[in-house]
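Dear colleague,

Please find below the structure that I am handing over to you. My findings follow directly after it.

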Amino acid sequence: MTPVVLVFPCFGGGTTTIILGDPPPEEAPAACDDGGRVLDGSVAGYDRLGKVMSAGIGYWIALDSAASTERIARLGYDYVCLDMQHGLIGYDGMVRGLTAIDAGGGSKGYVRVGANTALEIGRALDAGAVGVIVPLVDTVDDAVRAVASAQYPPQGFRSYGPTRAQLRIGPKPAEADAAVACFAMIETADGLANVEAICAVPGLAGVYVGPADLCLAIGGAYPGDPAVADAFEAALTRVRTAAAAAGVAVGIHTFTGTDAARRIAEGFTFASVAADLSHLERAAADELRAARRIDGSDG
């Protein structure tokens with residue numbers, strides 16, 4: 001592979017130079033607030049290039065509810081991610097949600113954007129997200145476009161207008177570039193076929209598996225189809241191996257904390273537990289069953 005030189009601005013002056021393929025640096029630059037708290041897109045000890053230090057657990061938000069999002073952000077999750085692709089959240093809801101996450105004080109604010117466009121990615125970052133998860137990344141060109149959309153010139157083509165982000169991230173472009181993280185979703189047949197090359201794209205913080213779409217992509221009749229379980233696990237192994245070889249983070253979507261723990265144990269470096277809507281429904285159903293057992297009703 002032709003060497004690619006990455007030059008990152010260092011907080012306080014100077015630069016850090018990285019040659020793709022070399023061991024990851026001991027520490028990536030990050031912006032800090034006045035209290036010294038790091039405001040970057042890393043996940044529980046992962047720097048922007050995905051160096052593994054400890055496991056990261058996040059929570060997935062589908063509902064436009066700032067009050068509940070703030071409560072979740074106080075629980076200790078490493079990040080809370082707002083779903084702008086399949087969630088029931090509009091732009092105003094995204095801004096409210098990111099504000100609520102910051103108010104919670106304990107989690108980083110992530111956004112799964114609706115599409116791989118400069119508009120979608122830029123609006124999420126301008127609203128204060130420190131990380132973006134970009135869906136349907138099939139090729140190296142797709143990954144390059146996602147990274148460039150999250151970086152200001154000359155590294156990328158993000159338009160300058162950090163309307164809310166400037167209160168916490170940057171606001172100088174170089175500081176903002178060093179503070180935010182861009183993750184590419186691997187969830188299609190083409191994305192899986194190109195995963196090694198995608199992981200090697202300069203500036204990409206990591207990859208993130210969308211298990212429902214990936215299961216369909218490898219021939220499943222529905223998400224979680226046991227008929228393709230072996231092929232699905234082999235696909236996950238391929239993604240983990242590719243990320244490890246490139247020195248980037250690798251995450252996955254899960255539906256319970258138990259599943260998240262299992263995937264972390266297998267070698268994923270972060271996992272999301274999803275989601276508020278399904279968990280609300282499940283909790284309400286459990287309480288209804290409990291109540292009916294108590295009063296002797298059928299249930």
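There are 13 salt bridges in this structure, which is a predicted model. Three of these pairs are described below, after which I turn to the chain as a whole, the core and the surroundings of one proline.

Salt bridges

In one pair, the side chains of D64 and R96 meet, with an N to O distance of 2.8 Å. This salt bridge links distant parts of the chain: D64 belongs to the loop between β3 (56-61) and α1 (66-73), whereas R96 is in helix α2, and the two are 32 residues apart. D64 is partly exposed, its relative accessible area being 36%. R96 is likewise partly exposed, at 41%.

A salt bridge also forms between the side chains of D126 and R158, at 2.9 Å from N to O. Because D126 lies in helix α3 and R158 in the loop between α4 and α5 (173-179), the pair ties together parts that are 32 residues apart in sequence. Are these two residues buried or exposed? D126 counts as buried, with a relative accessibility of 16%, and R158 is buried as well, with a relative accessible area of 5%.

The third pair is R240 with E266, whose closest N and O atoms are 3.8 Å apart. R240 lies in helix α9 (residues 229-246) and E266 in helix α10 (residues 257-266), so this salt bridge ties together parts that are 26 residues apart in sequence. R240 is buried, with a relative accessible area of 16%, while E266 counts as partly exposed at 31% relative accessibility. Both residues belong to a network of salt bridges that links E233, R240, D259, R262, R263 and E266. The side chain of R240 also makes a polar contact with the side chain of T237, at 3.3 Å. Leaving aside neighbours within four places in sequence, the residues in contact with R240 are V250, E266, G267 and F268.

In general, side chains of opposite charge can pair when their charged atoms come close.

The chain as a whole

The secondary structure comprises eleven helices and ten strands. Of the 299 residues in the chain, 47% are buried. Among contacts between residues at least 6 apart in sequence, 58% join residues at least 24 apart. The accessible surface comes to about 13400 Å², and carbon and sulfur atoms account for 57% of this area.

The nonpolar core and its surroundings

The largest nonpolar core has 73 residues, of which M94, V111 and V207 touch the most other members. Which residues are in contact with M94, leaving aside its neighbours within four places in sequence? They are L82, M84, I89, V111, R123, A124 and A127. In soluble globular proteins, nonpolar side chains tend to be buried together.

V111 stands opposite V132 in β6. Strands β5 and β6 run parallel and are joined by three bridges. Both faces of β6 are covered, with G131 and I133 buried on one side and V132 and V134 buried on the other.

Helix α3 (residues 118-126) has I121, G122, A124, L125 and D126 among its residues, and these five are buried. The buried residues of α3 pack against α2 (91-104), β5 (108-112), β6 (131-134) and α4 (140-149). Just after α3, G128 adopts a positive phi of about 115 degrees.

The surroundings of P135

P135 is found in the loop between β6 and α4, and this proline is buried, with a relative accessible area of 3%. Where the chain is followed from P135 to M185, the two residues are 50 residues apart, yet their C-alpha atoms are separated by 4.9 Å. Not counting residues up to four places away in sequence, P135 touches Q85, R112, V113, G114, A115, N116, M185 and E187.

Yours sincerely

Definitions and conventions. Residues are numbered from 1 along each chain as its sequence is written. This is a predicted model: local features need pLDDT of at least 70, side-chain atom pairs count only at pLDDT 80 or more; totals for chains, interfaces and linings use all residues. Side-chain values use heavy atoms; hydrogens and water are left out. A nonpolar core is a set of buried Ala, Val, Leu, Ile, Met, Phe, Trp, Tyr and Cys residues joined through side-chain atoms within 4.5 Å. Buried means under 20% relative accessible area, exposed over 50%, partly exposed in between (1.4 Å probe, protein chains only). Contact means heavy atoms within 4.5 Å. Helices (H or I, at least four residues) and strands (E, at least two) are DSSP runs, numbered from the N terminus. A salt bridge is a side-chain nitrogen of Lys or Arg within 4 Å of a carboxyl oxygen of Asp or Glu. A polar contact is a pair of N or O atoms within 3.5 Å; within protein, one must be able to donate a hydrogen and the other to accept it, and residues adjacent in sequence count only if both atoms are side-chain atoms. Accessible areas come from the Shrake-Rupley method with a 1.4 Å probe; for residues, only the protein chains shown count as cover. Two strands pair if DSSP finds at least two bridges between them.
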